[in-house]
Amino acid sequence: MEQFRGTGVALITPFTSNREVDLTALERLVNFQVDNGIDYLVVLGTTGESATLSAEEKALVKAKVLEVNNGRLPVVLGLGGNDTHSIIRELEQGKFDGFSAILSVSPYYNKPSQEGIYQHYKMIAESSPLPVILYNVPPRTGSNIKPDTVMRLANDCENIIGIKEAAGDFEQALELIRKKPDSFLLISGEDKLALPFVLAGGAGVISVIGQALPKAFSSMIRLGLSGDNQKAFDIFYRLSESIDLIFAEGNPSGVKSMLSTLNISHPYVRLPLVPATEELRQKINTFVSHFKI
């Protein structure tokens with residue numbers, strides 16, 4: 001699974017001023033990633049506002065990303081939820097040509113036990129035609145996939161190849177790195193912790209800021225993976241403020257504001273999200289105007 005080492009990006013879904021999917025901006029966004037060193041793309045994750053997209057819109061986004069990418073980078077599809085059997089039906093009935101893996105978030109709201117989480121993912125792994133990457137993000141789901149549960153899944157399900165870990169607990173991340181099978185991928189889901197995660201033995205990151213600053217961010221991760229710590233941290237300290245800025249008022253409002261500053265897409269989001277405030281937009285504009293790779 002070397003194709004998922006390095007920097008993946010959780011793509012936004014660009015919208016026009018009337019909140020329709022902006023396929024022209026999506027094309028610019030995908031080409032921007034390919035041209036600036038990103039290793040793989042993730043489509044229809046949380047950052048892509050998948051919760052507010054219709055089935056028809058999701059199909060449009062998937063088709064456009066695959067068309068523009070044209071096989072240049074691996075593409076991971078976000079496919080998860082809190083109704084296990086609904087996900088299984090989608091896996092059994094869907095078409096997955098052009099995708100390299102599934103990223104599946106832990107069930108949210110219904111807060112299953114660790115055994116419930118295990119059984120949920122075991123069923124997904126048995127039904128998925130593609131490798132599965134777990135996604136642990138307790139601040140959004142309300143429950144944590146504990147390391148022992150991750151290791152059960154890693155050892156019991158050949159089709160589960162890694163986890164995007166975004167619990168905000170570096171001690172937990174270290175436990176996962178220490179216990180994991182050699183081939184199992186530990187992928188950071190937090191931009192601020194991505195470099196320390198890689199230096200501790202992680203495989204890379206699925207990033208939000210990476211899609212706005214792809215050359216710098218992917219360079220930092222490659223340097224970290226190759227052991228060039230000093231150069232990697234030099235980039236990290238210059239990037240650090242941007243990470244704080246894009247998450248200051250929630251995701252993806254912040255990164256959409258930055259992408260608007262870069263003339264790649266518009267800052268529009270769908271309710272219940274709202275665009276970044278003018279104060280934050282000015283701070284983002286100032287950062288972008290002064291940032292150099």
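A residue counts as buried when its relative accessible area is under 20%. With that in mind, helix 6 (residues 147-156) of this predicted model is a good place to begin, for Pro147, Thr149, Val150, Met151, Leu153 and Ala154 are buried there. The cover over these residues includes helix 4 (114-127) and helix 7 (170-179), together with strand 5 (132-136) and strand 6 (160-165).

Strand 6 leads on to the wider architecture. This strand is itself mostly covered, with six of its six residues buried. On one hand, strand 6 pairs with strand 5 in the parallel sense over five bridges, and among these positions Leu134 has Ile163 of strand 6 as its bridge partner. On the other hand, four bridges join strand 6 to strand 7 (residues 185-188), and these two also run parallel. Here Lys164 has Ile187 of strand 7 as its bridge partner.

These pairings belong to a bigger picture. Eight strands form a closed barrel in the order 1-2-3-4-5-6-7-8, with parallel pairing. From one strand to the next, the twist averages 25°. Elsewhere in the order, strand 3 (residues 75-78) pairs with strand 4 (residues 101-105) in the parallel sense over three bridges. Leu77 has its bridge partner in strand 4, namely Ile102. As a general point, strands of a sheet pair through backbone hydrogen bonds, and they do so either in parallel or antiparallel fashion.

Attention can now turn to the nonpolar interior. The largest nonpolar core has 77 residues, and those with the most contacts inside it are Leu41, Val65, Ile160, Phe217, Met220 and Met258. Helix 10 (residues 229-247) gives the most to this core, contributing seven residues. Apart from this core lies another, of 17 residues, including Tyr135, Ile161, Leu185 and Ile187. Met220, one of the residues with the most contacts inside the largest core, offers a closer view: leaving out residues up to four places away in sequence, Met220 touches Leu195, Ala232, Ile235, Phe236 and Leu239.

Aromatic residues add further detail, as the structure holds five aromatic pairs. In one of them, the ring centres of Phe4 and Tyr40 are 5.3 Å apart and the planes meet at 80°; planes over 60 degrees apart count as edge-to-face, so this pair is edge-to-face. The two residues come from distant parts of the chain, 36 residues apart: Phe4 sits in the segment before strand 1 (6-10), while Tyr40 is in strand 2 (residues 40-43). Both Phe4 and Tyr40 are buried. Farther along the chain, Phe233, Phe236 and Tyr237 form one aromatic cluster. Phe236 is also among the residues that Met220 touches.

Charged side chains meet aromatic rings as well. Arg152 lies over the face of Tyr118, at 3.6 Å from the ring centre. Lys164 takes up a position over the face of Tyr135, at 4.1 Å from the ring centre. Tyr135 is also one of the residues of the 17-residue core.

A last stop is Ser260, which is found in helix 11 (residues 253-261). Its relative accessible area is 18%, and the limit for a buried residue is under 20%, so Ser260 is buried. With neighbours within four places in sequence left aside, Ser260 is in contact with Ser265, His266, Pro267 and Arg281.

Definitions and conventions
Residues numbered from 1 in each chain as written. Predicted model: local features only at pLDDT ≥ 70, side-chain atom pairs only at ≥ 80, totals over all residues. Heavy atoms only, no water. Phe/Tyr/Trp six-rings, centres within 6.5 Å; stacked < 30°, edge-to-face > 60°. Buried < 20%, exposed > 50% of the residue type's maximum accessible area, 1.4 Å probe, protein only. Lys NZ or Arg CZ within 6 Å of the ring centre and 35° of its normal. Pairing = 2+ DSSP bridges. Axes fitted to C-alpha atoms, helices over the stretch in contact; angles between N-to-C directions. Contact = heavy atoms within 4.5 Å. Core = buried A, V, L, I, M, F, W, Y, C linked by side-chain atoms within 4.5 Å.
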